[in-house]
Amino acid sequence: MMKDELLFKIGQSVRYIRMKKGISQEELAFCAGLNMNSISTLERGLNNVKIKTLYRIAEALDVKIEEILNCSF
């Protein structure tokens, strides 16, 4: 199965912001009210992500959702 380019870029953007802020996947999952597997699969671009979920992740990372979608890392 081939990874979707856009989902992969969004996942990498989340990973980059998370690591830049020194937050573990576990911490991010807890703060966003998600399980760690959700964060892991999102960062690898394996699953489509709901906009509400992405919004919760942005809030947990203390960034605007546009910063994640911008994929400028």
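**View 1. Arg 18, a buried residue in helix α1.** Arg 18 has a relative accessible area of 8%, so this residue counts as buried. Here, buried means under 20% relative accessible area, exposed means over 50%, and partly exposed is in between (1.4 Å probe, protein chains only). This is a predicted model, in which local features need pLDDT of at least 70 and side-chain atom pairs count only at pLDDT 80 or more, while totals for chains, interfaces and linings use all residues. Residues are numbered from 1 along each chain as its sequence is written, and side-chain values use heavy atoms, with hydrogens and water left out. Arg 18 sits in helix α1; helices (H or I, at least four residues) and strands (E, at least two) are DSSP runs, numbered from the N terminus. Who touches Arg 18, leaving aside its neighbours within four places in sequence? Look for Ile 23, Ser 24, Gln 25, Leu 28, Glu 43 and Leu 61; contact means heavy atoms within 4.5 Å.

**View 2. Arg 15, another residue of helix α1.** Arg 15 also belongs to α1. Is Arg 15 buried or partly exposed? With a relative accessible area of 36%, Arg 15 is partly exposed. Glu 5 is 10 residues away along the chain, and the C-alpha atoms of Arg 15 and Glu 5 are 15 Å apart.

**View 3. The two sides of helix α2.** Gln 25, Leu 28, Ala 29 and Ala 32 are the buried residues of α2. They end up on the same side of the helix because they cover an arc of only 100 degrees around the axis; the arc is that of the directions from the helix axis to the C-beta atoms. Flip to the other side of α2 and you'll find Glu 26, Phe 30 and Cys 31 exposed. The cover over the buried residues of α2 includes α1, α3 and α4. Right after α2 comes Gly 33, with a positive phi of about 70 degrees.

**View 4. The buried side of helix α4.** Helix α4 runs over residues 51-61, and its Thr 53, Leu 54, Ile 57, Ala 58 and Leu 61 are buried. Their arc around the axis is only 140 degrees, which puts them on the same side of α4. Lys 52 and Glu 59 are exposed, on the face turned away from that buried side. What covers the buried residues of α4? The cover includes α1 (5-20), α2 (25-32), α3 (36-43) and α5 (65-70).

**View 5. Asp 62, in the loop between α4 and α5.** Asp 62 follows α4 and has its place in the loop between α4 and α5. Asp 62 isn't a glycine, yet its phi is positive, about 60 degrees. This residue is exposed, with a relative accessible area of 66%.

**View 6. Zooming back out to the whole protein.** There are five helices and zero strands here, so what does the radius of gyration tell us? The value is 11 Å, close to the 11 Å that the globule rule gives for 73 residues, so the protein is as compact as a globular protein of that length. The radius of gyration is taken over C-alpha atoms, and the globule rule is 2.2 Å times the number of residues to the power 0.38. The C-alpha atoms fill a box of roughly 30 × 25 × 20 Å, taken along the principal axes. Buried residues make up 40% of the 73 residues.
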